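Colleague: I am new to this structure. Please take one part of it for a close look, and then place that part within the rest.

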Amino acid sequence: MAVTSSSPPRSGGDDLAAALHAQREEVVALWERLGEAGPTFGQEIDVDQAAVRRGYLYPLSRMLECALGGSDVHRASYREARLAYLPKALPGPERAELFAARLADEARELAGRLADGVDPAVTLAALQTLHAPLTRPPAPGDPRVLFVGDCLFSELRCFLSGRFADRHGRMLDSDHVYFSAGIEPLDPAVLMRSIAAAPPALVGLSMFSFSGLPAYAALVGAARGLRGPDLAAVDALIGMLASSIEAIRAVTDTTILVHGSCGLPIGPRVLRHRWIPAQRPGRAKLVAAINDRVAELVAATENTLFVDEDAIVRRNGGLRRVGAPVLGEGFDGAYAHHSRFGDVLARDYQQVLDAHAVLGRAKALLVDLDNTLWDGVMAEGPVRHHVSRQRELKRLREAGVLLVALSKNDPSAIRWAEMELGPDDFVLQQINWRPKPDNVSEAVGMLDLAPEAFVLLDDNPVERALVSENVPGVRALDPADPATDRALAQWLEFPSTRRTDEARRRTEMYRQAAERRRALGGREHDYERMMRSLNLVAEVRPAAPADRERLLELIQRTNQFNTTTRRRSAAEVDQLLADPSISVHVASLKDRFGDLGVVAVVVLRRLAAEIEIDSVIMSCRAMGFGLDQFLLAEVLAGSEGSLITAPFIPTDRNGPAASLYPSCGFAELSPGVWTLGPDDPRPQAPGWLAAGGPHAEAGRPG
């Protein structure tokens, strides 16, 4: 039989998959005997039951074997195939309930059939895991996707739902309104019935993918012999597309992913013989002309995103690669004839769904500055600006998104004149040294929005975690993730943004309202609890020769937390390390997110009964965790009986270091000179910082 294979699944070492392969006839016979309780739900789709067996049940058994053998694409295809004969328009909860009842009985029967080769408990456990997403109803907040178009979406839905199931443990809530030879033009009543069940988060619209639309199919057929496409006919097709968008818009304002064309499908002969061009020049020109027109239409239509199929195909290896069958051996003649294109498209759709989950209902973006809007620390000197990102944020502001500057920084250090964004683009400027969760809570109160309306854009994983954990509802994006910039661009096409005069005025209106609420005061969090949640571990030790390059970097480049800003050359650093009267200590820091490495240095000079703290230098990425106090507590432990002196030389940049000595009990003896008497209490380490590594007693001042 054409749909069977004489060889076991590729994961032949898997006993269960091999047992299923050996018992395929019995498995198919069981499914037929189950009738209404089996995969076909007792529906007589084909007059010839042999066709159902050949086109559906045998391929289904093959999918089951490969899925249990570990194949992702077969797992997705098997689960989607189980929906093939499901009663139409069955709501998600009822569908899950139906599967929960029927698949459990079926699994027990299958386990009995395979008992000679595999422990029934093993079979039941494997089938339960595989079937679990089918038996779980959609959860509150799950996205719903409406597909409008030809059979392309049968493939796409299969693999998109597979990704969703692997991530969330349940099937994607979706519906497919076919728009092909039988439905032209698109009937709004059909859309209304689908959308009445639940509003979709996204709508996919494809008219030019698989030649299902008669007018497009005719144009494709004629294009082979033409030097150039019939532009009048192309314009007529685009008119149909525009009418379809209007029909969708009449019932929902959600984002529409509008597909262009790529030239698929290609036939088996082209796939087999590489000397045959994958696409004739005439068809390639037609594809290009259609894509140009679709891109123009999308650019002129709000809340639409262009799915450039041609670019996606080229990015993923060309027509032959993406047009090849994804299921492999044993599926000739199967009803499910998925190509790689469905799996490729699913990645792009998943990225849009991820962006929508974070940004779809957001109204405000909390924007970090250093290493987010530019590379580097502006207070330290020149930076390299992310111009395109700044321009994207300006477009979002003009579309009604509220921007909040959220930075641990000195406000005077921000050089606005260098930026694409100006101070007036931000509804609030939370630029200070307070914990970011406190600033975020204050912004939530001042703007009178729910925390769920806010998204944080910050390069620091610690800050992202602190805000998300202490202000529940706020979500976070990593600017270093390439998907973030794509998501921000897509936000302009989500319904939460509008390109209107009112949207452009929104920042000023909210700014005025925030000023009225400022008198209400901010909201603060338990700082010590937040710090303890980070599992901070610090180590202070004498500097070693291997630390030389890092010492140079800290001494020569650090401006903000630097008590003297003395620049020392490599030779001078070598002298410090070699001088027996000088102690150079370094501090490292790590938390539950990773190791920050060496982030601080202190230079001590012994002068008879006096110890001078020559300088304390700390990287800006370690500021705000209490490491400065921990560092002094460590290096001054055992110094009782000695006078401690410490110069502080103020500059226009080192304001963050100004509070170090007074916070550790020092008194200002004269301008710029701080002292700790022989009998004064020594600094104490914060309770949330644990000491890591051996304490080097020999390196401590005596």
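Modeller: What follows starts with the whole chain, turns to one sheet, and then moves outward from it.

The model is predicted. The protein has 702 residues, and 53% of them are buried. Its secondary structure consists of 25 helices and 21 strands. Among contacts with a separation of 6 or more, 74% are between residues 24 or more positions apart. The accessible surface amounts to about 29,800 Å², and carbon and sulfur atoms hold 52% of that area.

The part I have chosen is an open sheet of five strands, paired in parallel, whose order is 10-9-6-11-12. Its edges are strand 10 (426-432) and strand 12 (475-477), each of which pairs on one side only. On average, neighbouring strands in this sheet are turned by 20 degrees against each other, with direction ignored. In general, the strands of a sheet pair through backbone hydrogen bonds, and the pairing can be parallel or antiparallel.

One of the pairings here can be followed down to residues. Strand 6 (residues 364-367) and strand 9 (residues 402-408) run parallel and are joined by four bridges. Leu 366 has Val 404 of strand 9 as its bridge partner. A helix also packs on this sheet: helix 15 (residues 340-359) touches strand 11 (454-457) and strand 12. The direction of helix 15 makes about 130 degrees with that of strand 12.

Beyond strand 6 the chain enters a loop that leads to strand 7 (374-375), and Asn 371 is in that loop. Most residues other than glycine have a negative phi. Asn 371 is not a glycine, yet its phi is positive, at about 60 degrees. Its relative accessible area is 32%, and this value lies between the limits of 20% and 50%, so Asn 371 counts as partly exposed.

On the side of strand 12, the place to look is Thr 484, in helix 19 (residues 482-491). Thr 484 has 3% relative accessibility and is therefore counted as buried. A polar atom of its side chain lies 2.6 Å from the backbone oxygen of Asp 478. Leaving out residues up to four places away in sequence, Thr 484 touches Leu 457, Leu 477, Asp 478 and Pro 479.

Helix 15 also leads to the nonpolar interior. In soluble globular proteins, nonpolar side chains tend to be buried together. The largest nonpolar core of this model has 100 residues, and the members that touch the most others are Phe 341 and Leu 365. Helix 15 supplies the largest share of this core, with 10 residues. Beyond its neighbours within four places in sequence, Phe 341 is in contact with Leu 152, Phe 210, Cys 262, Leu 264, Glu 309, Ile 312, Val 313 and Val 322. A separate core of 41 residues includes Met 531, Val 616, Phe 625 and Ala 657.

Another long-range link is found at Val 145, a residue of strand 1 (residues 144-149). With a relative accessible area of 1%, well below the 20% limit, Val 145 is buried. Its contacts outside the four nearest places in sequence are Leu 172, Asp 173, Ser 174, Asp 175, Leu 202 and Leu 353. Val 145 and Leu 353 are 208 residues apart along the chain, while their C-alpha atoms are separated by 9.2 Å.

Later in the chain, Asp 614 sits in strand 17 (residues 610-618). Asp 614 has a relative accessibility of 2%, so it counts as buried. Its side chain makes a polar contact of 3.0 Å with the side chain of Ser 615. Apart from neighbours within four places in sequence, the contacts of Asp 614 are Thr 564, Arg 566, Arg 568, Val 603, Arg 605 and Pro 647. Of Asp 614 and Pro 647, which are 33 residues apart along the chain, the C-alpha atoms are separated by 7.0 Å. Thr 565 lies in the loop between strand 14 (561-562) and helix 23 (570-578). Thr 565 is another residue other than glycine with a positive phi, near 50 degrees.

Methods. Residues are numbered from 1 along each chain as its sequence is written. This is a predicted model: local features need pLDDT of at least 70, side-chain atom pairs count only at pLDDT 80 or more; totals for chains, interfaces and linings use all residues. Side-chain values use heavy atoms; hydrogens and water are left out. Helices (H or I, at least four residues) and strands (E, at least two) are DSSP runs, numbered from the N terminus. Buried means under 20% relative accessible area, exposed over 50%, partly exposed in between (1.4 Å probe, protein chains only). Contact means heavy atoms within 4.5 Å. A polar contact is a pair of N or O atoms within 3.5 Å; within protein, one must be able to donate a hydrogen and the other to accept it, and residues adjacent in sequence count only if both atoms are side-chain atoms. Two strands pair if DSSP finds at least two bridges between them. Axes are lines fitted to C-alpha atoms, for helices over the stretch in contact, and angles run from 0 to 180 degrees between N-to-C directions. A nonpolar core is a set of buried Ala, Val, Leu, Ile, Met, Phe, Trp, Tyr and Cys residues joined through side-chain atoms within 4.5 Å. Accessible areas come from the Shrake-Rupley method with a 1.4 Å probe; for residues, only the protein chains shown count as cover.
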